[in-house]
Amino acid sequence: MNETLEKVIEILTDLHEDVDFATAEKLWDSHILDSFDVVTLVAELNNEFDIVIGADKMTPENFNSAQALAALVEELSEI
Amino acid sequence: MLFTDSVFIIGLCVLAAVYFVIPKKTRWGLLLLASCAFYAYSGWTNLLYILTTAASTFGVTLAMDRMAAKRKETLTAHKADWSKDEKKAYKEAANKKRFRLLVLCLFINFGMLAVIKYGAFTVKNLNSLIGVFGGEGSIPVPEFLLPMGISFFIFQTMGYAIDVYREKYAAERNFAKLTLFVSFFPQLIQGPISRFDELSKGLFAGSGFEARRVLFGVQRILWGYMKKMVIADRMLPAVKVLISDPEQYRGMYALVGILFYGLQLYADFTGGIDITIGIGQVLGIPIAENFNRPFFSKNITEYWRRWHITLGTWFKDYLFYPVSVCKPMINFSKWSRQKLGKNIGKYAPVYVSTVAVWFVTGLWHGAAWNFIVWGLMNAVVILVSERCTPLYQKFHKKFAWSNTHAYDGFQALRTFLLMGCLRMFDCYRDVPLTFKMFGTMFTDWNVGIFFDGSLMNLSLTASDYAVLLTGTAVLFIASLLGRKGSVRKQILDRSPLLSCAVTVALLLIVVIFGAYGIGYDASQFIYNQF
């Protein structure tokens with residue numbers, strides 16, 4: 001597990017302690033992450049990784065799993 | 001024109017008949033013609049609004065698309081000789097130009113909506129404010145006739161413009177086709193607010209006749225008419241009586257009003273949407289679902305995920321998320337983290353955005369204070385409920401009985417009543433009166449009205465109550481069956497003959513038990529006025 005993914009899972013776990021984010025999928029589709037969580041999460045990720053996640057990136061594809069989120073973070077960190 | 005007008009029903013039958021015999025490629029043209037005719041029926045000048053929206057959006061989205069293509073071309077050409085920072089700076093500059101165009105489009109359309117829908121409200125409040133400070137407050141109040149469905153088609157089209165700006169898909173290059181997307185007639189009365197990538201495929205495909213799909217479509221249309229004409233319109237006179245005289249109809253009458261209006265609104269709005277989706281199904285055009293058994297919701301957040309779904313997702317995607325992550329909000333988040341602590345700083349932006357979005361949601365429903373307060377009260381309930389989530393979780397862990405179906409039912413009833421109380425702002429259309437009437441439910445214990453025949457004096461006869469009770473029971477059973485999937489499919493799978501019998505039965509129910517007669521006004525679908 002890379003460093004970004006580890007940190008993403010840590011932030012996610014801070015939001016929902018009872019979910020195993022290493023394996024969980026469909027976080028967005030199953031409403032495990034509601035819109036409050038999504039916005040809080042974006043603020044946390046922006047703060048932690050010094051990136052800017054725009055509204056256009058707030059989609060199920062990017063938020064359905066910790067892995068997808070980590071990939072988004074890495075993509076935005078490269079720009 | 002309303003779905004319940006005979007002209008509409010005859011026109012729809014003719015349209016469906018012609019649609020399937022003309023060449024596939026020309027079918028979308030027929031839909032455009034029908035949509036323009038439908039809209040022009042409510043006044044030729046109203047077509048100007050639709051054309052303004054279509055033309056401004058067409059021009060802007062095409063220009064944004066061209067600029068995006070040029071940006072990609074330039075970046076590819078300078079892939080090797082530009083540094084990372086140069087590429088970033090160019091990309092930002094190019095996107096800024098596209099953003100300005102988007103803002104222009106939003107300004108034209110929301111500006112038009114603001115003037116027509118909110119002009120009078122704003123000026124009246126300005127006059128009052130000037131009066132408070134001793135002025136005359138005599139600015140002339142502009143009066144516009146609200147064009148049918150203007151909030152719906154502007155929101156739908158601006159969603160499309162924002163998606164093109166975000167490069168979610170390419171802009172439509174055919175003006176007539178875009179105009180059809182803007183004006184597609186079944187959606188004009190009360191939505192749903194569709195997305196271009198979902199609706200356009202069906203709109204332009206010119207689907208052929210498919211017996212099973214058409215049967216399902218017809219059943220859905222009849223089901224919608226049943227909800228609207230048998231339940232909602234029959235309930236309407238009682239709701240009017242209860243609202244018309246708040247001094248007389250207080251206390252438990254207000255509670256009865258909550259129940260009656262909840263049922264009426266549900267039957268009216270979902271009925272209209274059923275007709276819309278059914279028409280789409282007959283023509284082979286999938287239209288987004290707008291409801292998912294909302295009265296089974298266990299809390300208000302869930303309720304808003306299941307009620308008027310397309311409006312909720314519109315606000316979420318195009319307002320809540322952009323506001324929550326915009327630069328000032330990020331700065332606010334950083335500031336609040338530093339000054340107010342990590343915990344408050346973490347949640348402050350989302351709470352501010354929630355209040356802002358619900359303020360706008362209230363305004364969307366109408367240019368009046370009762371809608372604004374209604375929106376803000378929703379925000380308050382959602383935020384309180386959000387803050388209490390850890391408590392609920394502890395409660396459910398501690399008490400096993402709170403995880404039973406019976407408790408689920410209690411939660412659904414609680415949500416229904418809570419939403420009913422909020423809907424009082426919509427009923428009474430007067431903020432102080434609404435609070436007063438809410439209070440009477442706790443101070444005026446006139447529970448005798450449930451037993452002494454008082455409820456028979458609300459313009460409803462015993463047979464009306466019988467029809468309403470049966471209709472409500474049928475809705476409830478259909479909702480329960482719907483949890484296992486499409487009820488129409490379940491019936492057809494059991495027996496094609498039964499499916500045909502259900503269709504005929506629905507038709508007969510609408511004809512026999514629909515609310516008609518002298519003085520009956522199939523007036524408006526409630527959401528048409530928004």
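**α2(A) against α12(B).** I started with how these two helices pass each other in this predicted model, and the crossing of α2(A) with α12(B) turned out right-handed. I then looked up the geometry: the axes of helix α2 (residues 35-49) of chain A and helix α12 (residues 309-325) of chain B come within 10 Å, and they cross at roughly 35°. Who makes the contact? From chain A I noted A:S35, A:V39 and A:V42; from chain B the list reads B:K316, B:F320, B:Y321, B:S324 and B:V325. Sorting that contact by class, I got 5 nonpolar, 2 polar and 1 charged residues.

**The chain A–chain B contact as a whole.** Next I went from one helix pair to the full set of touching residues. I found 15 residues of chain A in contact with 17 residues of chain B. On the chain A side, I had 8 nonpolar, 4 polar and 3 charged residues.

**Chain A by itself.** I looked up the fold of chain A and found 4 helices and 0 strands, so to speak a plain α-α-α-α pattern along the sequence. How does its radius of gyration fit a compact globule? For 79 residues the rule gives a value near 12 Å, and chain A has 11 Å, so the two agree. I also took the span of the C-alpha trace along its principal axes, which is about 30 × 25 × 20 Å. In chain A, 33% of the 79 residues count as buried. Then I checked contacts with a separation of 6 or more: in chain A, 62% of them are between residues 24 or more positions apart.

**α6(B) and its cover.** Over in chain B, I picked helix α6 (residues 175-183) and asked which of its residues are buried. They are B:L178, B:T179, B:L180, B:F181, B:V182 and B:S183. For what covers them, I noted α2 (27-40), α3 (46-77), α5 (150-165), α7 (185-188) and α8 (196-205) of chain B, among others perhaps, as the cover includes these.

**α3(B) with α6(B).** I followed up one of those covering helices, α3(B). Its axis and that of α6(B) come within 9 Å and cross at roughly 130°, which makes α3(B) oblique to α6(B). I noted the crossing of α3(B) and α6(B) as right-handed. The residues in contact are B:I50, B:T53, B:A54, B:T57 and B:F58 from α3(B), with B:F175, B:L178, B:T179, B:V182 and B:S183 from α6(B). By class I got 6 nonpolar, 4 polar and no charged residues for this contact.

Terms used. Residues are numbered from 1 along each chain as its sequence is written. Chains are lettered from A and ligands numbered from 1 in the order in which they are written. This is a predicted model: local features need pLDDT of at least 70, side-chain atom pairs count only at pLDDT 80 or more; totals for chains, interfaces and linings use all residues. The radius of gyration is taken over C-alpha atoms; the globule rule is 2.2 Å times the number of residues to the power 0.38. A residue is buried if 20 or more other C-beta atoms lie within 10 Å of its own, exposed if 12 or fewer, and partly exposed in between; C-beta atoms are placed from the backbone. Two residues are in contact if their C-beta atoms, placed from the backbone, lie within 7 Å. Axes are lines fitted to C-alpha atoms, for helices over the stretch in contact, and angles run from 0 to 180 degrees between N-to-C directions. A crossing is left-handed if the near helix is turned anticlockwise from the far one by less than a right angle, and right-handed if clockwise. Ala, Val, Leu, Ile, Met, Phe, Trp, Tyr, Cys and Pro count as nonpolar, Asp, Glu, Lys and Arg as charged, and the others, Gly among them, as polar. Angles under 35 degrees count as roughly parallel, over 145 as roughly antiparallel, 65 to 115 as roughly perpendicular and the rest as oblique.
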